[in-house]
Amino acid sequence: MRTRTLAFGLYADEQGLAWVRSLVAEAAGSRSARIVDEGVLRTFPGSELSTADVYGLLAEQWVWEHPGQSGGAREPVELRVRLVCSLRTWRAIRKTVIRTLCPEGMAPHACRVPWVAA
């Protein structure tokens, strides 16, 4: 088993972050992976780039998908979660979280929290 990182760019407020964290924790727990560290980045270590520079398109996605609604306290951030698990388990967890973040269906829909897998 190795330590592996899940990273998601999000346009979220504290409530949205808590929801995504719970999705990751549930997916990891169901596959017996152990979360060893978790962090929310607003700037990238060793870089002058902010998460707003990289994930600003998620704010634009929010405006497009939620016309006339304020973004409120949402901001572009990166959620990084370090897990101890096999590569196969990491892939299954990542796939589950992505599928749960914004379930695809036949009807047009908007994601609760705009995201991108990093």
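Me: Which strands does helix α2 lie across?
Reply: Remember that we're looking at a predicted model. To read a helix on a sheet, check which strands are under it and then the angle between the axes. Here helix α2, residues 51-65, lies across β1 (2-12), β2, β3 and β4, and runs at about 110° to β3.

Me: And what does helix α3 touch when it packs on the sheet?
Reply: Helix α3 covers residues 87-101 and touches β1, β3 and β4. Its direction makes about 15° with that of β1.

Me: What order do the strands of the sheet take?
Reply: With a sheet, read the order in space, then the pairing sense. This one is open, with 4 strands in the order β2-β3-β1-β4 and antiparallel pairing. β2 (34-41) and β4 (115-117) are the edge strands, each pairing on one side only. From one strand to the next, the twist averages 20°.

Me: How many bridges hold the β2 and β3 pairing?
Reply: There are 7 bridges between β2 and β3 (residues 75-85), in the antiparallel sense. For register, pick a residue and look for its partner: Ile35 has Leu83 of β3 as its bridge partner.

Me: Which cysteines does the disulfide join?
Reply: The structure holds 1 disulfide, and it links Cys102 with Cys111, S to S 2.0 Å.

Me: Why is that disulfide left-handed?
Reply: Look at the sign of the torsion. About the S-S bond of Cys102 and Cys111 it is about -95°, so the disulfide is left-handed.

Me: Are Cys102 and Cys111 buried or exposed?
Reply: The cut-off for buried is under 20% relative accessible area. Cys102 has 12%, so it is buried; Cys111, at 7%, counts as buried too.

Notes
Residues numbered from 1 in each chain as written. Predicted model: local features only at pLDDT ≥ 70, side-chain atom pairs only at ≥ 80, totals over all residues. Heavy atoms only, no water. Pairing = 2+ DSSP bridges. Helix = DSSP H or I, 4+ residues; strand = E, 2+ residues; numbered from the N terminus. Axes fitted to C-alpha atoms, helices over the stretch in contact; angles between N-to-C directions. Contact = heavy atoms within 4.5 Å. Disulfide = S-S within 2.5 Å. Buried < 20%, exposed > 50% of the residue type's maximum accessible area, 1.4 Å probe, protein only.
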